[in-house]
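Me: Could you take me through one part of this model up close? I'd like to look at the place where two of the chains come together.

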Amino acid sequence: MSSATAIAPNYELIQQDGLETSLLEVSMGPHHPSTHGVFRMDVKLDGETVVDLQPVFGYLHRNHEKLAENMSYLASMPFTDRLDYFNSMTNNWAYALAAEKLVEIEVPERAEYLRVIMAELTRLVNHVSLVGFFINDLGALGTPLLYAFREREKILDLFEQASGARMMCNYFRFGGLRNDVPEGWLDRARDVVDRFPDFLDEYEKLLCENEIILSRTQGVGNLSRELAISAGITGPMLRASGVNYDIRKVDKYSIYDRFLFRVPYSDGNVGDCYDRFMVRMLEMRESIGILKQALGGIGDGPVLGNAPKVFKPKPAEVYGRVEAPKGELGFYLIADGTPKPYRYRVRPPSLINLTVLRDMCLGQKVADAVIILGSIDIVLGEVDR
Amino acid sequence: MSEQIAFWMLSAIAVLGALVAVRKRNLIHGVFALMIFFAALSGLFLLLLAEFIAAVQILVYIGAVGILLLFAIMLTERVTGDDGRRMTSRGWFWGLVVAAAVFVILLLPAIQELPPPEAAQAIDPSVKELGHKLMNPYVVTLEVLALLLTAALIGAVTAAQGVRIPKEEDSSE
Amino acid sequence: MSLDLIRDILIATVPLLVIFPTLFAFTTWLERKALARIQNRVGPNKVGVPLTRYGGRFSLFGLGQPLADGIKMLFKENIVPRDADRLFHLLAPILALIPAMLVLCFLPLEFPWTESLLPVQAFLLDGAVIFFFAITGLNTLAIFMAGWASRNKYSLLGGMRAIAQMISYEIPLVLSAVVVVMMVGSLNAAEIANAQADWNWFVFTPWGLAAFVIFFIASLAEINRSPFDLPEAESEIIAGYFTEYSGFKFALFFLGEYIAMFAISGLAVTLFLGGGAGPGVAALPWLSTVWFIAKIFALIAVMIWLRGTLPRLRVDQLMGFAWKFLLPLSILNIIVAGFAWHAQQQASGILKAIIWVACLLILYATAKGLDQLNRPNVRPREYKYAE
Amino acid sequence: MSLLGGGIFKGMAVTLRNFVGSYFYKDRLTTNDYSWRPSDKLPQRAGEYPKEEGEQLRDTTTVTNYSRNFPMLLHDGSEPMDTIRCVACQICERECPPQCIYIEKSTEKKENAGGKPQFFPATFDIDVSVCMSCQICVEVCPFDAIVMNSQFELSTPDRFGGLLLRRDDLLKSNGYYHKIHPEEATARDKRIAEEKAAKEAKKKAAAEAAKKMAEEKAKAEAEANEGTPDMEENTE
């Protein structure tokens with residue numbers, strides 16, 4: 001591609017009599033402080049303005065899908081942790097949901113409650129650290145990020161006590177959970193959840209009115225409602241563009257229909273970085289509401305249903321999806337009667353949300369490209385798989 | 001004594017800087033050599049107790065003119081030039097003659113050993129005096145100059161904005 | 001050249017060369033510690049006496065950390081990119097340090113032991129303030145040099161940003177200092193400091209306060225401190241102009257940056273915060289040096305605090321802030337100060353208070369108006385909820 | 001009409017509160033100063049990392065009772081190989097997602113903890129540079145022979161042999177297991193006892209059914225693991 005044809009269609013180069021300005025091509029990444037992993041953006045700059053951007057990924061490709069097609073259903077459960085390593089609980093859940101559809105296992109009620117609790121805690125972890133990273137991309141010296149990590153630590157402690165690991169939880173099983181939570185865990189969780197709103201108040205005070213953050217994020221990286229829908233964007237990013245769509249409400253999977261919660265979304269006028277940031281901030285409050293209801297309503301009972309010891313489903317095709325913190329996470333499985341899936345396909349929210357990066361970045365400054373990428377909320381483990 | 005040493009050192013630096021600035025093919029190197037020359041000149045002014053002029057020398061010539069040159073050079077294509085090619089010109093002889101003539105004319109007052117003009121003794125080279133002079137007898141000149149510079153600035157901005165060439169395809173944008 | 005002259009030169013310059021780099025080492029420790037506490041961390045707390053076996057045992061709050069860092073910097077490999085302009089790559093960090101060290105001697109910092117001797121201190125120059133601005137501007141060149149010589153696109157972007165930013169912010173910086181120069185009627189730093197004796201600090205007047213705020217903001221930009229650290233914006237252009245620097249050259253940049261921080265804070269103290277004035281100075285003259293440095297550290301503490309709190313501006317917003325907000329405001333401030341000063345010559349008591357309040361109101365209203373004009377649509381938004 | 005720069009001042013108030021609070025509240029200063037181990041006990045060189053059981057226990061005090069790290073093999077009594085629970089059935093080897101276990105079955109049988117003559121693992125290697133601590137092996141083990149250790153200081157200058165845990169490195173007593181994971185170990189022991197009681201109650205029928213099940217399972221798993229790469233490549 002020559003530089004003349006590669007310029008974005010809606011951008012005009014300023015041309016002067018006899019003076020030609022040339023574009024500066026910068027390869028941002030794969031080792032760049034703000035690409036959230038090994039991701040590369042080939043950016044063409046006119047001064048500081050982005051006139052073209054090519055995302056390049058695949059540096060973290062680990063053959064996730066093909067690996068899973070060559071091992072038993074259960075054995076790929078720990079690999080789903082590594083997709084979006086911030087949210088291993090929801091990854092587990094999406095996979096478990098798909099597999100449970102294959103063999104139709106009843107999930108005990110206590111397990112369902114615990115699943116909801118884990119998923120919403122995961123949402124808190126993800127959103128709170130995403131906001132931290134996002135402000136870090138804006139150039140803060142990590143202060144919001146470290147506050148976020150301080151709170152995330154408390155939730156990770158809960159995860160560790162329940163599952164034995166802080167990030168690679170590997171906690172969900174077909175038909176329930178691997179083990180029950182230890183004694184006193186629910187009280188500790190209640191304590192963490194009760195104290196979380198105080199932290200959110202402080203966080204909002206630190207960030208939501210800051211003039212610099214407001215002027216940096218508003219009007220930057222606009223994503224129109226139409227483009228968001230046609231590109232298949234899901235999750236908070238879609239809601240920030242003004243579409244009211246939440247799989248927890250649409251599918252009512254698990255026991256989400258028992259809880260009262262609201263889904264924040266913007267009026268869809270701009271759909272910029274500020275909307276994406278605020279929608280996540282507001283979603284955390286709703287998650288706390290769900291958590292309080294779930295922790296209040298949970299009863300005793302088994303946590304693992306009547307799962308067969310050898311998981312060998314009949315030939316079928318299923319698609320299981322959950323509202324992961326980053327968007328719709330789906331697993332598409334084709335069983336052919338053997339203990340291994342014939343086809344195993346992940347619909348990663350990060351990758352599909354990333355597809356509109358170029359459209360959002362064109363015409364913005366190079367500093368904006370960084371925060372637009374931050375506001376999409378990608379995890380390269382999930383993008384590259 | 002120490003003034004003497006300082007004078008010779010500064011003079012040597014100034015001459016060297018000027019020579020390098022003229023001889024270097026690499027434009028950026030040349031500009032920086034020019035700045036060294038300016039800095040040495042400012043030092044010479046300081047030796048003459050003309051501290052305001054010295055400060056202005058740095059402020060204007062290094063801080064503004066030098067940076068302007070750098071920006072201009074950034075826009076040119078072959079910044080580094082090629083040092084391999086020697087710098088020659090057909091008119092070097094006449095250039096030398098003119099340079100010698102200017103040198104002699106500049107040197108004449110020193111050679112003739114004229115008595116210093118009376119006014120020179122009366123000048124108190126303080127910043128305050130300078131300020132009063134600028135604001136009292138020469139205020140009109142100053143204002144006219146300021147106006148001229150402002151006009152130049154606006155002109156530069158207009159020239160730099162250039163002409164936007166509209167694209168044929170999407171005129172709606 | 002007599003020995004006396006050499007002795008005097010040494011006495012006048014060596015303290016500056018010793019005290020400020022020492023303070024620099026202390027400030028890096030202070031900054032790391034304070035930022036750590038702001039972020040709920042502990043900060044450096046292990047290194048006591050580096051290179052000895054007592055380092056771990058007597059940690060002294062990690063005070064040995066800067067020393068250990070210095071030793072580490074000295075021994076690190078000096079990496080020069082293959083295509084770099086080797087001469088300029090070497091000169092840039094040195095050139096960054098020279099102006100920063102040079103301007104220190106324009107500060108009215110009186111060391112008790114220089115008083116009896118020949119005062120070589122350059123602050124006796126009549127044009128000290130203007131010299132200060134002239135020489136601070138040289139820093140820009142060093143940064144451009146570093147950015148250009150590294151042959152790295154990020155470095156070049158950083159260098160370009162630095163030049164644009166420093167030239168823009170020099171104007172409000174100088175214009176806000178003009179108010180003080182106008183009031184005192186002198187460019188001499190010592191005279192300006194002396195004019196503020198007996199708590200007549202300029203920061204306690206409305207125009208002085210406005211000028212101080214403008215000066216402080218502009219000085220943050222001038223020394224590339226957060227939230228104006230665009231030339232070294234880590235999340236965008238790696239480390240900007242010193243991306244390709246390592247080892248001791250990097251340390252020199254670092255040192256230059258901090259010395260510039262001291263210098264510009266020192267000028268702010270001189271212009272607005274009464275210089276070395278403070279309680280007890282009349283009785284013990286050497287206290288003035290202590291007060292001066294204490295005030296510098298107060299300003300630096302605010303800078304650290306800002307760094308721990310704020311994200312960075314974008315490059316166009318940064319330029320807009322200088323040209324569309326600070327510049328009009330500082331020009332208005334000069335006019336306001338001129339009128340108010342003449343008005344209060346005749347007035348007294350109540351009338352003076354009214355003039356002051358009016359000045360404050362005019363300045364604040366203008367600032368607010370400019371803010372509204374610059375960012376008309378930027379405000380928190382309302383969000384809808386779906387049940 | 002908000003105050004000019006009000007948001008910035010609010011933010012600065014928050015950071016100031018955190019700055020001051022970090023001196024007074026444990027909540028605001030979550031960083032641990034690793035005071036649990038005196039500095040003279042810290043390993044001075046690579047290779048000096050503790051391998052003995054007592055040292056490991058001290059290491060594990062920083063992690064909670066619930067954490068898991070790498071697997072270990074359980075034995076019941078004092079002499080490890082006499083009371084090893086593992087019978088080298090190789091289910092874990094087959095199910096291991098990253099394929100980091102290598103087992104060689106012994107040729108002759110030997111009395112184990114249950115008092116019955118059984119096979120035992122002649123070789124049982126876990127490559128901890130590959131292991132991802134997923135605990136699948138623990139779940140699939142029908143004999144409760146493999147559980148998760150919480151020892152984490154395994155760094156070594158030898159990246160091949162040093163990271164390959166042999167059978168004798170892996171063998172840990174049930175008592176050690178009780179120390180590091182008290183709740184889990186108690187629950188497991190209770191379950192084993194219950195199963196044993198139930199087994200004795202209807203020995204015959206259960207034995208019959210179990211045999212059938214095991215055959216089926218072995219067949220299924222043999223199918224499932226066709227074409228998986230040989231472990232030798234990993235361990236060498």
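Reply: Sure, and keep in mind that this is a predicted model. A good place to zoom in is a pair of residues: in β1(C), C:Y385 is the bridge partner of A:P264. That pair belongs to a small strand pairing across the two chains, where β7 of chain A (residues 263–265) and β1(C) run antiparallel and are joined by three bridges.

Now step back to the whole contact between these chains. On one side are 33 residues of chain C, and on the other are 40 residues of chain A. Which parts of chain C supply at least two residues each to the side that touches chain A? Among them is β1 (384–386), our strand from before, along with the helices α1 (3–38), α9 (234–237), α11 (287–309) and α12 (315–346). If you sort the residues on that side of chain C by character, you get 14 nonpolar, seven polar and twelve charged.

While you're looking at chain A, check out another bit of strand pairing there. Three strands make an open sheet in the order β2-β3-β4, and the pairing is antiparallel. Because β2 (24–28) and β4 (49–56) of chain A stand at the edges with a single partner strand each, one side of each has no neighbour in the sheet. On average, neighbouring strands here are turned by 20° against each other, ignoring direction. Seven bridges link β3 of chain A (residues 40–46) to β4(A), and A:R40 sits opposite A:V56 in β4(A). Finally, find helix α15 of chain A (residues 366–376): this helix lies across β3 and β4 of chain A, at about 150° to β3(A).

Conventions
Residues are numbered from 1 along each chain as its sequence is written. Chains are lettered from A and ligands numbered from 1 in the order in which they are written. This is a predicted model: local features need pLDDT of at least 70, side-chain atom pairs count only at pLDDT 80 or more; totals for chains, interfaces and linings use all residues. Two residues are in contact if their C-beta atoms, placed from the backbone, lie within 7 Å. Helices (H or I, at least four residues) and strands (E, at least two) are DSSP runs, numbered from the N terminus. Ala, Val, Leu, Ile, Met, Phe, Trp, Tyr, Cys and Pro count as nonpolar, Asp, Glu, Lys and Arg as charged, and the others, Gly among them, as polar. Two strands pair if DSSP finds at least two bridges between them. Axes are lines fitted to C-alpha atoms, for helices over the stretch in contact, and angles run from 0 to 180 degrees between N-to-C directions.
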